[in-house]
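I sat down with this one to look at rings, packing and empty space. Here are my notes, in the order I made them.

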Amino acid sequence: MKMTDVQTKAKNLGIKPKKFKKADLIRKIQVEEGNNPCFQTNEQRCNQEDCCWRKECLG
């Protein structure tokens with residue numbers, strides 16, 4: 001996902017995206033959505049099958 005798309009998603013959740021790096025912003029979005037903030041944290045097992053970041057995170 002492009003950074004502009006991530007920023008748009010963040011804005012829709014009430015997050016001011018300009019002060020975050022992409023991975024940090026995605027983790028903030030994960031928290032706001034009630035998920036584990038695990039994007040690209042090298043967790044060995046990911047049980048969040050429906051996460052919209054999964055492909056990019058594990059790829």
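**Cavity, core and ring pair**

I began with the largest cavity and saw that α3 gives the largest share of its lining, three residues; helices here are DSSP runs of H or I, at least four residues, numbered from the N terminus. I kept in mind that this is a predicted model, where local features need pLDDT of at least 70, side-chain atom pairs count only at pLDDT 80 or more, and totals for chains, interfaces and linings use all residues. Residues are numbered from 1 along each chain as its sequence is written, and side-chain values use heavy atoms, with hydrogens and water left out.

The cavity has a volume of about 30 Å³. A cavity is a set of points on a 1 Å grid over the protein atoms alone where a 1.4 Å probe fits but cannot get out, and lining residues have an atom within 4 Å of a point. I listed Q30, C38, C46, C51, R54, C57 and L58 as the lining.

Next I looked up the largest nonpolar core (buried nonpolar residues joined through side-chain atoms within 4.5 Å). I found nine residues in it, including V6, I26, F39 and W53. α2 gives the most, four residues.

I then checked I26: leaving aside neighbours within four places in sequence, it is in contact (heavy atoms within 4.5 Å) with V6, F39 and W53. Both F39 and W53 are buried, meaning under 20% relative accessible area with a 1.4 Å probe, protein chains only.

Terms used:
Buried < 20%, exposed > 50% of the residue type's maximum accessible area, 1.4 Å probe, protein only. Helix = DSSP H or I, 4+ residues; strand = E, 2+ residues; numbered from the N terminus. 1 Å grid on protein atoms, 1.4 Å probe; cavity = no way out; pocket = protein on both sides within 12 Å on 5 of 7 lines; lining within 4 Å. Points joined across faces, edges and corners; volume = space filled by probe spheres on them.
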